Amino acid sequence: MKLYIAPYAPNPRRVMMFLAEKGVRNIEVITLNLQEGEHRIEEFKKKSPLSQIPTFELDDGRTLTESRAICSYIEALHPEPNLMGHDAFERAFVEMWDRRMELLFSMPLMMWVRHGNPVLAAVERNQNAEVASYNQGQAMRMAKWLDSELATRPWIAGDQFTIADITACCGVDFAKMNRWRPGDDLPNLKRWREAFGARAAGKVAA
Ligand SMILES: N[C@@H](CCC(=O)N[C@@H](CS)C(=O)NCC(=O)O)C(=O)O
């Protein structure tokens with residue numbers, strides 16, 4: 001099995017963090033250079049038609065190109081430690097939080113960086129300052145709400161660390177590129193990020 005990633009890219013990092021928590025090491029990791037467009041060449045498009053990473057390739061050549069789908073596949077192969085919930089309700093509950101983290105928190109953080117940081121101009125060819133500003137506002141509102149939620153529990157979906165924590169952390173860490181990280185004004189989010197750093201997933205390079 002092969003996993004295509006790129007340095008600093010948050011969505012591949014989501015899968016790398018998931019693998020780290022699972023302790024899975026039998027996957028060949030291949031690093032692409034996005035700035036040089038290695039993901040846009042025709043040969044790679046056969047694996048990933050939208051030229052996106054992470055791309056996960058099975059030994060028989062079949063591919064998965066959505067980070068959440070790749071994590072679901074790994075969870076099915078390696079159910080423990082569990083990161084997506086055990087029974088029907090838990091699974092749906094974790095999925096609810098994971099979708100919130102992906103769509104409402106990490107995505108705005110990533111769009112803020114993609115559209116607002118000159119380093120990303122080679123990847124986001126249509127950078128737009130208004131898009132950056134809108135997404136920054138959305139992300140900061142969500143950070144405040146998440147901070148209030150984390151006042152009641154250690155992890156995003158409850159007492160257990162789950163994929164929702166990984167998904168949120170990818171966005172939070174990517175926003176370091178725009179010099180943002182949860183500070184003393186978001187004490188619960190700050191405490192959550194510190195606790196994350198002590199875990200296997202927290203050791204995966206950003
Ligand atoms: N929904 C996809 C998003 C993947 C994605 O946006 N990947 C970025 C890197 S983090 C990418 O491939 N960017 C290349 C480009 O936009 O040209 C997933 O979660 O797997």
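# Reading the loops, the pocket and the ligand

User: Where does proline 81 lie in this structure?

Analyst: Proline 81 is in the loop between α3 and α4. Keep in mind as we go that this is a predicted model.

User: And how do I read the peptide bond there? What is omega for the step from glutamate 80 to proline 81?

Analyst: The general idea comes first: most peptide bonds are trans. Here, the bond from glutamate 80 to proline 81 is cis, with omega near -5°. Another cis bond runs from isoleucine 53 to proline 54, where omega is near 5°. Proline 54 belongs to the loop between α2 (42–45) and β3 (55–57).

User: Let's turn to phi. Is the value for tyrosine 8 positive or negative?

Analyst: As background, most residues other than glycine have a negative phi. Tyrosine 8 has a positive phi, near 70°. You will find tyrosine 8 in the loop between β1 (2–5) and α1.

User: Now the pockets. How much space lies in the largest pocket, and which residues are closest to its centre?

Analyst: The idea is to roll a probe the size of a water molecule over the atoms, which shows where empty space is left. In this model the largest pocket holds about 860 Å³. Its lining counts 36 residues, and Ala9, Pro10, Asn11, Ile53 and Arg114 are the closest to the centre.

User: Which helix gives the most to that lining, and how do its residues divide by class?

Analyst: Helix α4 gives the most, with 6 residues. At least two residues each come from α1, α3 (67–77), α4 (88–116) and α6 (163–174). By class, the lining has 20 nonpolar, 10 polar and 6 charged residues.

User: Where does the ligand sit, and which residues come nearest to it?

Analyst: The ligand sits in the largest pocket. There are 14 residues around the ligand, and His39, Ile53, Glu66, Ser67 and Arg114 come nearest. Helix α1 (residues 10–22) gives the most to this shell, with 3 residues. The shell comprises 6 nonpolar, 5 polar and 3 charged residues.

User: Which polar side-chain atoms should I look for beside the ligand's oxygen atoms?

Analyst: Try these on screen. An N or O atom in the side chain of histidine 39 is 2.9 Å from a ligand oxygen. For arginine 114, a polar side-chain atom lies 3.0 Å from an oxygen atom of the ligand, and for arginine 40 the distance is 3.1 Å. As for cover, the ligand taken alone exposes 510 Å², and the protein buries 86% of that.

How values were computed. Residues are numbered from 1 along each chain as its sequence is written. This is a predicted model: local features need pLDDT of at least 70, side-chain atom pairs count only at pLDDT 80 or more; totals for chains, interfaces and linings use all residues. Side-chain values use heavy atoms; hydrogens and water are left out. A residue is near a molecule or strand if one of its heavy atoms lies within 4 Å of it. A polar contact is a pair of N or O atoms within 3.5 Å; within protein, one must be able to donate a hydrogen and the other to accept it, and residues adjacent in sequence count only if both atoms are side-chain atoms. Accessible areas come from the Shrake-Rupley method with a 1.4 Å probe; for residues, only the protein chains shown count as cover. On a 1 Å grid over the protein atoms alone, a cavity is a set of points where a 1.4 Å probe fits but cannot get out, and a pocket is an open set with protein on both sides within 12 Å along at least five of seven lines; lining residues have an atom within 4 Å of a point. A molecule sits in a cavity or pocket if more than half of its atoms lie within 2 Å of its grid points. Helices (H or I, at least four residues) and strands (E, at least two) are DSSP runs, numbered from the N terminus. Ala, Val, Leu, Ile, Met, Phe, Trp, Tyr, Cys and Pro count as nonpolar, Asp, Glu, Lys and Arg as charged, and the others, Gly among them, as polar. Grid points are joined across faces, edges and corners, and a volume is the space filled by probe spheres set on the points.
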